[in-house]
Each structure stands twice: as C-alpha cells, then as structure tokens.
Amino acid sequence: MLLCLGVACCMAACTDRPSHEAEMDKFVSDLMGRMTLEEKIGQLNLPTVGFDVTGPLMSTDVEQKIKNGQVGGVFNTFTPVAVRKLQEIAVTQTRLHIPLIFGYDVIHGHRTIYPIPLGLSATWDVELVERVAAAVADEASADGLHWTFSPMVDVARDPRWGRVSEGAGEDPYLGAEMAKAMVRGYEQGDLSKQNTLMSCIKHFALYGAAEAGRDYNTTDMSRLRMYNEYLPPYQAAVEAGASSVMTSFNEVDGVPATGNRWLLTDLLRRQWGFGGFVVTDYTAIMEMENHGVGSKAKVAELAVNAGVDMDMVSEYLLDELPALVKAGKVKEETVDAACRRILEAKYKLGLFTDPYRGLSEARAEAQIMSAEKLALSKEAALKSIVLLKNDRQTLPLDASKKIAFIGPLVRDQRNLIGNWSAAGNPQQAVSLWSALESKFGARKFTYAKGCNLTDDAALRSQLNRHGGDITPDSRTPQQLISEAVQAAQKADVVVAVLGEPFGMSGEAASRTSIDLPDSQKALLKALKATGKPVALVLMNGRPLTLQWEHDHLDAILETWYAGTRAGDAIADILFGDANPSGKITMTFPRSVGQIPIYYSHKNTGRPFSEQEKYTSKYLDESNEPLYPFGHGQSYTQFTYSAVQLSDTALAADGSVTATVTLTNSGARAGEEVAQLYIRDRVGSITRPVKELKGFQKVALQPGESRQVTFTITPELLKFYNADLRYAAEPGEFWVFIGGSSATENKAAFELGITN
Ligand code: BGC
C-alpha cells in the first residue's frame with residue numbers, strides 16, 4: 001500500500017533541490033495540518049523493540065502504541081519480516097498511516113562485521129572507511145534498517161573509558177576526517193536511495209571526556225578546549241550532511257547535554273546550521289532527574305525546549321508534553337518543529353513513497369554477507385592491524401619453523417567481532433586457528449590454551465551477566481600454563497594470542513587498570529621463561545599498558561577486534577602475505593598514572609628536564625608514552641628526507657608546500673602513513689606542542705621513493721582564540737613530517753599579517 005499523497009511520486013525523478021525541498025515542505029505541512037497535538041507528540045517517541053538494550057525497558061506495549069499513533073520510530077528491530085510486521089501496523093492501522101523509522105546500533109558492521117571503529121581509524125584510510133560505511137549501509141538497509149546510531153565521533157583521551165573502542169581516538173583532525181567519511185558512506189548524499197542509512201552523530205557532546213574515564217561521568221572543560229579540541233569532529237560530521245544527532249549522557253557546563261539549550265540550539269543549529277533532528281541517548285531525558293535538574297515534567301520541558309526532537313525510550317515526552325503545552329511551558333510551535341524534522345527525515349528516506357523501502361528477502365539474500373562484503377571486511381582488518389614492536393624480525397613468521405600458538409583467543413570466534421557487533425554472528429567469524437588451517441592444512445602448528453581469559457571470578461560473572469561467555473577451564477591455571485610451556489619448549493617460536501574479552505571494552509566497561517588480565521600476564525611470564533622468541537598478538541578495544549610486554553617480548557601485533565575475517569587477516573600478516581600498515585590513533589601509556597596522556601598537549605612553563613628538579617615530570621615514570629599517537633611499524637623500513645618548504649614566508653592569502661621524500665629502504669612492499677604536524681610557536685593563547693594537520697597513505701615497492709607534499713594555507717593554522725574568534729595569528733610555525741607524532745623532522749616558516 002502506497003501513501004502517495006501527490007508529491008511523493010515525484011521523488012525518484014526529482015533532482016532539483018530547491019523544488020524538492022519545496023515539495024517536501026508542502027507535503028509535511030499538509031500532513032501536519034491534519035495531525036492532532038497528540039499525534040505530533042507521538043512522532044517524537046522512539047521505543048526499543050527487540051534486544052540489545054542498554055538500560056531499562058520503559059514500554060512493553062509498543063504495538064498498541066504504534067496503533068495509537070504514539071510512536072515515531074523503533075530501534076533494535078530488523079529483518080524484512082520483523083520490520084514489515086511493525087511497519088504494516090503503522091501504515092495500515094493508524095489514522096494517518098505515517099510510516100515508522102527503524103534504527104539500530106550498526107556501529108562497525110551489521111551482519112558482516114568490520115574492525116571496531118578504533119581499529120578502522122588505525123587504517124588512516126579515509127577512502128576505505130567510506131567504502132566500509134557504504135557497504136554497512138547496503139547490508140543493514142537490506143535487513144530493513146533506515147538509521148544507524150553511528151558514527152560516534154567523541155574525541156577520547158582516556159583509555160580507562162571503555163567506549164574509546166567506538167570512536168576514532170584522541171585527535172580532532174583525524175576524528176573529523178573519519179567522521180566525514182562515515183557520514184558520506186552511510187548517506188551517499190541521498191537518503192532516498194534504498195541502500196543508504198541515515199547517520200547519527202553521537203554523543204553530543206564531550207562524552208569522551210568523562211572524568212576519570214568512568215562511563216557516564218561528569219565532564220567539565222573550558223570553551224577553548226571544546227572549540228579547539230573536542231567539537232571539530234561533530235561539526236565536521238554536521239557539515240558532511242549527517243541527518244541526525246544524538247545527545248550525550250554527560251553534562252556540559254553544568255547542564256545535562258540532553259537539556260542544554262546552548263549546546264543543542266545555539267551551537268548545533270544556529271552556529272553550525274544543523275538542519276536534521278536530535279534524538280536523545282537511551283533514557284537520557286529520564287536520567288536528568290538523577291542529574292538533579294528537575295522532576296519528570298521539568299526534565300521533559302528542559303529537553304524539548306533545549307532542542308531535543310526525539311525521546312529514546314524514556315517516554316517522558318509522550319507522557320508530559322500534552323500538559324506542558326497546555327500549561328504554556330512548551331510552545332506548540334516547538335513540538336511542531338520537532339515533529340516536522342522527524343517527518344522530513346522520513347520524507348528524505350522515501351518512506352512516504354515506499355514504507356517498505358528496500359525490504360525484500362531477495363535483496364537481503366544477495367546483500368547480506370556477500371562475497372564483496374566479506375572481502376572488504378578482510379581488507380579493512382588487514383589495514384587496521386598495527387605492528388607495535390618487532391625485534392630481530394621475529395615477524396613475519398617462517399612457516400617452515402615449528403610454531404606454537406598459545407592463548408585462549410587462538411580458537412576464539414566471539415571476541416573477534418568485539419562489542420556493538422549488531423547482528424553479527426560469532427559462528428561466522430573466522431578464528432585465527434581456522435584461518436591457519438585453511439592456509440596451511442590441519443595439524444601444521446601446535447596449540448595450547450595456556451590460560452583462561454580471566455581468573456577473576458567477580459569480573460567473569462559481571463561480564464557473563466551482560467552477554468559474555470567466559471567459562472573457566474576444567475584444568476587448573478597451573479595445568480594450563482604447564483601444557484603451554486611444554487608446547488613452547490618444543491617450538492622454535494611462540495605466538496601468544498591474548499587480550500581483553502570483548503565485554504571489557506565498550507559501553508559501561510571502564511577499567512582502572514588497563515593491563516592484560518593477571519591470568520594472561522602469568523602465562524606470558526612463563527612463556528618468556530622458556531627462552532623462546534615470543535610474539536604477542538593482541539585483541540582488545542583500547543590502548544593497554546604493555547610496559548612489561550614491550551620490555552620482554554620480541555614482537556607485539558595489535559589486532560583490535562578485527563571483525564568477521566579477523567583470523568584470515570591476522571594469519572596473512574603473521575606469515576608476511578600482507579605487511580602491517582596501521583598506526584595507532586590513541587597514545588598507549590606506560591602506566592595508568594600518566595592518563596590523560598595525548599600527543600597534542602600544551603607545553604608547561606617548566607618543561608621536562610632530567611637535571612632540574614622543579615620541572616614537569618613524575619618521580620617514578622617517564623613523561624613519554626610507551627607508543628605515541630601515529631606509531632606503527634612495518635616489515636619494511638621507511639625513511640624520510642628532511643622537510644623542504646617551498647618558502648619560509650606564508651602570506652595571509654598564500655600557501656606554502658612542505659615536501660619530504662619518502663623511501664621504502666627495506667626489502668618488502670609496504671604502505672606508510674606520512675603525517676603532517678604543525679606547531680604554532682607563539683599565540684595569544686597557548687598552543688599545543690603539535691597538531692595533526694594532514695596525512696597521506698603511500699604504497700611503495702622496495703627501494704622506491706616518492707615525494708609527499710602537503711599544502712599549508714593560513715586556513716590550516718586557524719584556531720579559536722580567547723574571544724572564540726577563529727583566526728590564524730602571524731608568527732613562526734614549525735612543520736613536522738614523519739611516521740608518528742614523535743617525529744622531530746621539521747622546518748620553520750613565518751605567517752605574515754592576517755586580518
Ligand atoms: C548508548 C548509545 C546507543 C544507545 C542505543 C546507549 O546506551 O550510549 O551509543 O546508540 O544506547 O542502543
């Protein structure tokens with residue numbers, strides 16, 4: 001049944017934007033003209049139907065509510081059958097036949113799972129990330145979905161926070177590039193195409209700055225830090241055309257984000273010109289009561305007057321808005337504006353033309369886990385893997401040697417797809433062991449489990465309560481270790497495959513220690529004691545503290561949770577069929593005491609000095625991280641020439657180029673991420689010691705050289721000053737180009753007078 005009310009029929013053919021907008025306005029106005037206040041309020045309601053809840057369930061009678069016109073969309077329902085069933089209720093059994101919007105947390109894949117977002121960002125491959133987002137949209141839309149709660153673009157500098165796994169790491173520039181790529185990939189600039197997904201920028205704002213890395217905790221920061229360091233990825237995603245924004249759980253300037261008018265209206269809509277709709281995070285309106293800013297009615301009023309359009313789960317708007325409008329506390333125009341934005345999103349998605357947009361079993365069959373998507377999952381996994389350390393060419397492995405694969409993750413499938421794995425099925429994930437068997441045949445290598453993922457019973461039961469599946473082995477920890485040691489003793493090389501069980505990262509998974517679990521550290525120590533070379537393969541969702549591992553092991557390969565094809569990708573890298581090219585996008589600290597630690601810090605008045613007592617340092621730890629932002633090795637070597645500038649003076653309306661010759665001076669083909677950093681030597685406010693301002697991923701054959709050039713314009717040098725004016729200031733700048741944020745390869749230029 002089609003809901004063609006005249007205008008919708010032109011949608012497919014309509015390419016002319018202004019007239020398209022006018023048609024949409026007319027359509028939505030006509031429709032709203034026939035809606036009651038209650039029906040408009042109904043559009044603002046987003047209950048969950050299905051699984052994957054991350055909080056209390058507030059609504060159990062959703063089908064009845066749909067019939068009553070009290071639901072604008074649902075989330076956690078997918079598959080053509082399930083979506084059709086609810087959509088049919090909306091379009092056949094409600095007074096105005098308004099279709100529902102279907103959302104889901106499709107974070108790094110729907111059924112085909114790609115590396116976690118932190119891993120995807122480690123590819124530094126914007127084009128790849130865009131392709132991944134497009135493939136995700138294709139698959140998820142074939143499974144009935146219209147809307148993904150992604151990308152998460154929260155800048156995150158505290159690895160204790162479990163949700164660092166969901167974003168692009170610590171840097172605003174890289175974060176903005178990744179955010180734009182994902183929005184472009186999901187939305188394709190045209191949501192009426194059935195293979196797109198509406199994106200949702202989250203969590204607005206500053207969620208990544210939760211105090212002490214404890215999830216949902218308070219944030220507090222200066223406007224300068226917000227504008228210069230935390231807001232750029234959100235703004236970039238808005239400018240890339242994201243159609244929706246999700247509020248965050250935390251407060252901003254003492255007001256919960258969900259009730260913060262400055263944030264949701266002044267900044268987002270007025271300053272940035274955001275034209276889509278704002279949805280709250282899960283029960284975030286209700287949670288404002290806990291924040292202590294008012295009762296149920298008050299927080300509903302605050303949210304909608306701040307600029308919230310859609311209420312995820314709490315149903316406070318549904319319950320309270322009629323009376324609030326009647327009492328004049330919320331203007332009817334405010335409800336109208338929110339309702340209009342949601343109807344516009346539905347219109348843009350083409351739902352008024354075809355409420356069953358893209359729904360067909362045949363399409364689902366063809367698109368879900370198609371060969372192309374599985375190939376892309378492997379490509380992304382390969383490029384996300386980071387070689388943190390590799391002494392004496394321990395890696396790649398020589399398959400003619402005796403190799404013992406040891407650890408509870410060697411044969412594991414569940415952890416490969418990580419947290420927020422949407423509809424991913426662990427049974428379809430390729431374990432490292434099965435990849436080795438496909439590559440080399442069965443029984444080529446030896447295996448020992450070596451330890452449990454954790455022997456901490458309290459932690460295990462917490463993780464198992466929330467979807468974990470950690471069963472302690474019937475053997476004692478000592479037996480497991482001694483079997484592993486025996487296997488190691490018979491081998492030439494040991495590969496230990498360890499990490500965090502997936503539930504130890506992600507939402508509500510903050511940690512005060514970010515070491516490997518004790519059971520795993522004990523195993524590593526025993527393996528080290530055999531005297532055999534040990535390569536550590538890690539699967540985890542955050543930077544870990546790996547000082548002991550760095551000091552004692554021969555190689556460390558960070559594979560994150562690499563997705564459905566993880567095993568295949570890891571096996572290719574371990575045996576040199578692929579060369580690692582990923583670079584970390586969050587600093588790896590030496591110890592938790594250094595946190596927050598990030599490369600783009602400010603200088604102090606007393607910078608570190610070994611000799612002087614009264615300088616900024618620790619008595620018991622270096623200031624330096626274990627692995628700096630941007631770090632990642634290769635099986636080949638890359639050398640950088642000195643930075644050549646086209647000029648040492650940059651005019652206010654001019655540009656200079658900075659060039660290096662990058663050479664693959666090793667024996668294998670490889671890819672290197674050349675990174676451009678800038679330091680503004682003197683500013684009206686203090687400036688970071690380095691800021692990423694560009695990067696290029698370059699593939700080079702052995703012996704090949706290439707010139708890598710970055711163009712620097714005054715635009716690139718702008719920042720928000722104490723008056724929040726965005727401008728570049730004249731003076732000296734340093735330009736660094738190298739293979740990580742630790743590079744000292746630099747040249748200097750002078751920016752002339754700007755206006
Ligand atoms: C998370 C969001 C997520 C939402 C819906 C919340 O708990 O913070 O990131 O999109 O749940 O599942």
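**Note on the largest pocket and two buried loop residues**

1. The largest pocket has a volume of about 1400 Å³, a value that, like the others in this note, was computed on a predicted model. Its lining comprises 45 residues, and those that lie nearest the centre of the pocket are H466, G503, E507, A508 and A509.

2. As to where this lining comes from, domain 1 (7-364) and domain 2 (383-594) each contribute at least three residues to it. Among helices, α18 (457-465) and α20 (518-529) each supply at least two residues of the lining. By residue class, the lining of the largest pocket consists of 18 polar, 16 nonpolar and 11 charged residues.

3. S740 belongs to the loop that runs between β26 (731-738) and β27 (746-751). With a relative accessible area of 12%, S740 counts as buried because this value is under the 20% cut-off. The side chain of S740 reaches the backbone nitrogen of A742 at 2.9 Å, and, once neighbours within four places in sequence are set aside, S740 is in contact with P628, F629, G630, H631, Q675 and Y677.

4. L349 is likewise a loop residue, placed between α14 (332-348) and α15 (361-367), and with 0% relative accessibility L349 is buried. Not counting residues up to four places away in sequence, L349 touches I101, H146, L191, S192, M198 and R357. From L349 to M221 the C-alpha to C-alpha distance is 37 Å, with 128 residues separating the two in sequence.

Note on methods
Residues numbered from 1 in each chain as written. Predicted model: local features only at pLDDT ≥ 70, side-chain atom pairs only at ≥ 80, totals over all residues. Heavy atoms only, no water. 1 Å grid on protein atoms, 1.4 Å probe; cavity = no way out; pocket = protein on both sides within 12 Å on 5 of 7 lines; lining within 4 Å. Points joined across faces, edges and corners; volume = space filled by probe spheres on them. Helix = DSSP H or I, 4+ residues; strand = E, 2+ residues; numbered from the N terminus. Nonpolar A, V, L, I, M, F, W, Y, C, P; charged D, E, K, R; others polar. Domains from an automatic or database assignment. Buried < 20%, exposed > 50% of the residue type's maximum accessible area, 1.4 Å probe, protein only. Polar contact = N/O pair within 3.5 Å; in protein donor to acceptor, adjacent residues only side chain to side chain. Contact = heavy atoms within 4.5 Å.
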